[in-house]
Amino acid sequence: MSLIRPVIRGTGHYLPERVVENAEFAKTLDTSDDWIVSRSGIKRRHFAAEDEYTSDLATYAARAALENAGVTADTIDAVIVATSTPDYTFPAVATQVQANLGIISGFAFDIQAVCAGFVFALANASGLILAGQAKRVLVIGAETFSRIMDPTDRSTVVLFGDGAGALVLEAQEGTGASTDRGVLACDLNSDGRYRDLLYVDGGVSRTGQAGYLRMQGREVFRHAVEKLAATAMTALDKAGLTAADVDWIVPHQANLRIIKGTAQKLGLPMERVVVTVQDHGNTSAASIPLALSVANAEGRFKPGDLILTEAIGGGLSWGAVALRW
Ligand code: UT7
C-alpha cells in the first residue's frame, strides 16, 4: 500500500555567540560549577545578545536547515515555530521568520507547549502533511529563555540557555510499513493540574509583564522520568515497534540525570543517546531540533535509523515521536 510519510530532509541550528560558563554564576550567586554539573550535567550555555531576538535565532537555524536539505525557501508551504519566548505577543514568530526568508505564500504559526513544544510542532507538521495541507514544512524550535530568568534565583537561572534548531519536513511516498522513512508515530499529552510545578509568573492578560520562570525542580524531575519513558513506549507501540528497535534517542535536554534515567527505563545504553545538555543547557523547545542538527552534522545518523524523541515541560505537557531517518 502506498502512503504519504513526513520525512526529515534536512536539519540546521544556531547558537548565539556568547557562551556562559558555570563559573560566571558563581560570581554573583551561592552556587558552584560542581553543583550545577553534578545535579544537571550542564557545563555551559549560550545567551542571545541584547539585540538578538527569537525570530533571528529561528531564521539562522531555518537557513541552515534549508541549505542542508538542498531546497530553497520558496518551496516551503508552512513555517511552524515552537517557542515560549516570542519576540512580541503577536504576530507569531513564524510569520517574522517567513518574512525574513522571503516566503510570500503558504502559512505560518507558533506552537506553545514549552519544553515539549518541538514534539508538539513535529506532530502537528506531520498531521498537516498527512492531511494534504502542506507538502514541505519548516519545523523550528527557538527560544531566548535567558529573557525570562530571575537572575537572583539560583535554582533556575543556571539551567536554561538560548538557541534554535530547525528541520525541513516533507511528504514522501512510503509503503505504510514501519520500515518506511519519516515520522511513524506520535504521542502527545498534557495535564493542566500540574501548572504550579513549572510556570512563568507574568503574562499579557494577568500582569502585562513577561514575568520570570518558576519551577519546583524536584517535582518536575519526578514526573519527567516516569512520563517520558511512558510516552516513549506508547509512541513506539503505536508504530508497531519496541525499545529494542531504537537506534537513537534524541531527548529533550533538561538534565543529564533525567536523560540517563529515561534511557535506563527503556533499557537502552547511553551510547545510543544524543546528549548536548552539557554545552547548551536547557533550551526548552529548541533543545531537540538543536540536538538532532548537531548529531546530523556529526554524521551520527544513517538512513534507516530509528530515532525516538521525547520531551516534557510546563503545563505539564509531554510527548514523543518515533521516526525513521
Ligand atoms: O525542561 C523542563 C523540565 N524541567 C526539568 O526537567 C527540570 C527537572 N528538575 C531538575 O532538573 C532538578 O530537579 C534540578 C537540577 C532543578 C535540581 O536538582 P535536584 O537534585 O532535584 O536538587 P533539589 O532541587 O532537590 O535541591 C537540592 C539542594 C537544595 O538545598 P536544600 O534544600 O537541600 O538545602 C537547593 O536549595 O540544592 C540547592 N540548590 C542549589 N545549590 C547550589 C538549588 N539550586 C542550586 C544551585 N547551586 N544552583
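In which loop does Leu 316 lie? In this predicted model, Leu 316 is found in the loop that runs between β12 (306-313) and β13 (317-324), and the peptide bond leading into it from Gly 315 is cis, with omega near -10°. A cis peptide bond also joins Phe 90 to Pro 91, here with omega near 5°, and Pro 91 belongs to the loop between β4 (78-82) and α4 (93-100). The backbone deserves attention at Val 114 as well, for this residue has a positive phi of about 50° although it is not a glycine; Val 114 lies in the loop between β5 (107-111) and α5 (117-130). As a general background to these places, most residues other than glycine have a negative phi, and most peptide bonds are trans.

From the backbone we can turn to the ligand, which occupies the space of the second largest pocket. There are 22 residues around the ligand, and those that come nearest are Thr 31, Arg 218, His 252, Asn 255 and Asn 282. Both domain 1 (3-174) and domain 2 (182-324) take part in this shell, each of them supplying at least three residues. Seen by secondary structure, at least two residues of the shell come from each of α2 (33-40), α6 (154-157), α7 (217-238) and α8 (256-266), and among the contributors it is α7 that gives the most, with 4 residues. Sorted by class, the shell consists of 11 nonpolar, 6 polar and 5 charged residues.

Several polar side chains can be followed to oxygen atoms of the ligand. Asn 255, already named among the residues that come nearest, has an N or O atom in its side chain that is 2.6 Å from an oxygen atom of the ligand. For Arg 39, the distance between an N or O atom of the side chain and an oxygen atom of the ligand is 2.8 Å, while a polar side-chain atom of Arg 257 lies 3.2 Å from an oxygen atom of the ligand. Beyond these individual contacts, the ligand on its own has 950 Å² of accessible area, of which the protein covers 76%.

Conventions: Residues are numbered from 1 along each chain as its sequence is written. This is a predicted model: local features need pLDDT of at least 70, side-chain atom pairs count only at pLDDT 80 or more; totals for chains, interfaces and linings use all residues. Side-chain values use heavy atoms; hydrogens and water are left out. A residue is near a molecule or strand if one of its heavy atoms lies within 4 Å of it. A polar contact is a pair of N or O atoms within 3.5 Å; within protein, one must be able to donate a hydrogen and the other to accept it, and residues adjacent in sequence count only if both atoms are side-chain atoms. Accessible areas come from the Shrake-Rupley method with a 1.4 Å probe; for residues, only the protein chains shown count as cover. On a 1 Å grid over the protein atoms alone, a cavity is a set of points where a 1.4 Å probe fits but cannot get out, and a pocket is an open set with protein on both sides within 12 Å along at least five of seven lines; lining residues have an atom within 4 Å of a point. A molecule sits in a cavity or pocket if more than half of its atoms lie within 2 Å of its grid points. Ala, Val, Leu, Ile, Met, Phe, Trp, Tyr, Cys and Pro count as nonpolar, Asp, Glu, Lys and Arg as charged, and the others, Gly among them, as polar. Domain bounds come from an automatic or database domain assignment.
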